[in-house]
Amino acid sequence: MGFYEICFSPTGGTKRCADILARALAGQGSFVDLTAGTQAFDSIRLTPEDLAVLAVPSYAGRVPAPAVQRLARIRGNGARAVLLCVYGNRAFEDTLAELRDTAVQAGFQVAAAVAAIAEHSIVRIYAAGRPDGQDAAQLEHFAARIRARLEQGNCPEPAIPGNRPYKERKAIATIPRATTACVSCGLCAGQCPVQAIPPDDPRQVDTGRCIACMRCVAVCPHQARQVDEARLAALQQALEPVCSVRKEGELFL
Ligand SMILES: Cc1cc2nc3c(=O)[nH]c(=O)nc-3n(C[C@H](O)[C@H](O)[C@H](O)COP(=O)(O)O)c2cc1C
Ligand code: SF4
Ligand code: SF4
């Protein structure tokens, strides 16, 4: 059996959860980085004996569009998949349902699904520092239950929450911009998952391409890429009632 960890994770929270789940499930495997977008996804072909963790963050209750497009190019060929959706302590709504549909279309057999929490990548005070020790223990416990089910050999697809049609994708209000501290080093341009920052003029951003993933904010060594302060404050306030109370991970088996 081959094992794959296939992950879209612009700021690392999804990958931290996926790493914990994957390690507890099957140890070391092949890592497929859906974030970079440079891998030859069309040439990745699994077999029915293989197992994969498919991990994405929730963006406004959906799977980020580039993650859907890139995952759809992989050939699952009947491999079993454990779905993982990671969200910032608000809600994941239709993310797991969309991930399930994308995985099935790509030829995977869904054996289990997990929702987990990581620091909110836009308003970082919510779920700050997560996944923490408690999350890790829970993910390891989920992995043990999934492994036991896989070893039985009989893995009917679990009921996965979410609506169809999925929530409409919203217009993006939190596109980060370069500040006067930007030294045009181009680091963020090379790291942007959708090439929305022109390498020859990295102070700019193509607002039609940007998915507001916050990777440029996270990687800039000069803290020179930021979301508008007033917008951030408004979002923080709007999320306060739903994000302040700690939510826990869920297993669908
Ligand atoms: C554009 C965008 C939309 C988001 N929408 C939601 C959401 O609807 N619900 C939620 O709980 N968290 C939301 N988050 C937070 C992320 O799901 C969470 O921080 C996740 O861990 C980010 O993954 P990453 O660290 O792998 O980039 C959103 C983050 C971004 C950047
Ligand atoms: S990484 Fe920071 S300093 Fe470098 S180009 Fe991007 S915003 Fe400017
Ligand atoms: S420009 Fe937009 S898509 Fe690119 S890294 Fe920054 S937030 Fe993400």
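1. I begin with ligand 2, where the shell of surrounding residues is made up of 9 nonpolar, 3 polar and 1 charged residue. Of the 13 residues around this ligand, the ones that come nearest are C182, C185, C188, P202 and C220. As with everything in this note, these statements rest on a predicted model, and they should be read with that in mind.

2. Ligand 3 has 15 residues around it, and the closest are C192, C210, C213, R215 and C216. By class, the shell around ligand 3 has 14 nonpolar residues, no polar residue and 1 charged residue. When reading the class counts for ligands 2 and 3, please keep in mind that Cys and Pro count as nonpolar.

3. Ligand 1 is surrounded by 26 residues, of which G13, T14, P57, G88 and R90 come nearest. Two elements, helix 1 and strand 4 (80-87), each give two or more residues to this shell, and helix 1 provides the largest share, with 3 residues. Sorted by class, the shell around ligand 1 contains 12 nonpolar, 11 polar and 3 charged residues.

4. Where does ligand 1 lie with respect to domain 1 and domain 2? Domain 1 (3-165 + 248-252) and domain 2 (177-230) both give residues to the shell around ligand 1, and therefore the ligand lies between them.

5. The division of the protein chain itself deserves a separate point. Domain 1 is made of two segments, 3-165 and 248-252, whereas domain 2 covers 177-230. The C-alpha centres of the two domains are 27 Å apart, and the contact takes 9 residues from domain 1 and 8 residues from domain 2. On the side of domain 1 that touches domain 2, there are 5 nonpolar and 4 polar residues, and no charged residues.

6. For the chain as a whole, the model has 7 helices and 8 strands. The radius of gyration of the protein chain is 18 Å, close to the 18 Å that the globule rule gives for 253 residues, so the chain is as compact as a globular protein of that length. Along its principal axes, the C-alpha trace spans about 60 × 40 × 35 Å.

7. At the start of the fold, strand 1 (residues 3-7) and strand 2 (residues 30-33) run parallel and are joined by 4 bridges. Within this pairing, E5 stands opposite F31 of strand 2. Together with helix 1 (residues 13-26), strands 1 and 2 make a right-handed β-α-β unit. Helix 1 also returns us to point 3, as the element that gives the shell around ligand 1 its largest share.

8. Two peptide bonds in the model are worth checking by eye. The bond that joins R130 and P131 is cis, with omega at about 5 degrees, and P131 belongs to the loop between strand 5 (109-117) and helix 4 (133-152). The bond from R164 to P165 is also cis, with omega near 0 degrees, and P165 is placed in the loop between helix 4 and strand 6 (177-178).

9. A last point on the backbone concerns E93, a residue other than glycine whose phi is positive, near 40 degrees. E93 is found in the loop between strand 4 and helix 3 (95-105).

Terms used. Residues are numbered from 1 along each chain as its sequence is written. Chains are lettered from A and ligands numbered from 1 in the order in which they are written. This is a predicted model: local features need pLDDT of at least 70, side-chain atom pairs count only at pLDDT 80 or more; totals for chains, interfaces and linings use all residues. Two strands pair if DSSP finds at least two bridges between them. A crossover is right-handed if, with the strands pointing away from the viewer, the path from the first strand over the helix to the second runs clockwise. A residue is near a molecule or strand if its C-beta atom, placed from the backbone, lies within 6 Å of it. Domain bounds come from an automatic or database domain assignment. Two residues are in contact if their C-beta atoms, placed from the backbone, lie within 7 Å. The radius of gyration is taken over C-alpha atoms; the globule rule is 2.2 Å times the number of residues to the power 0.38.
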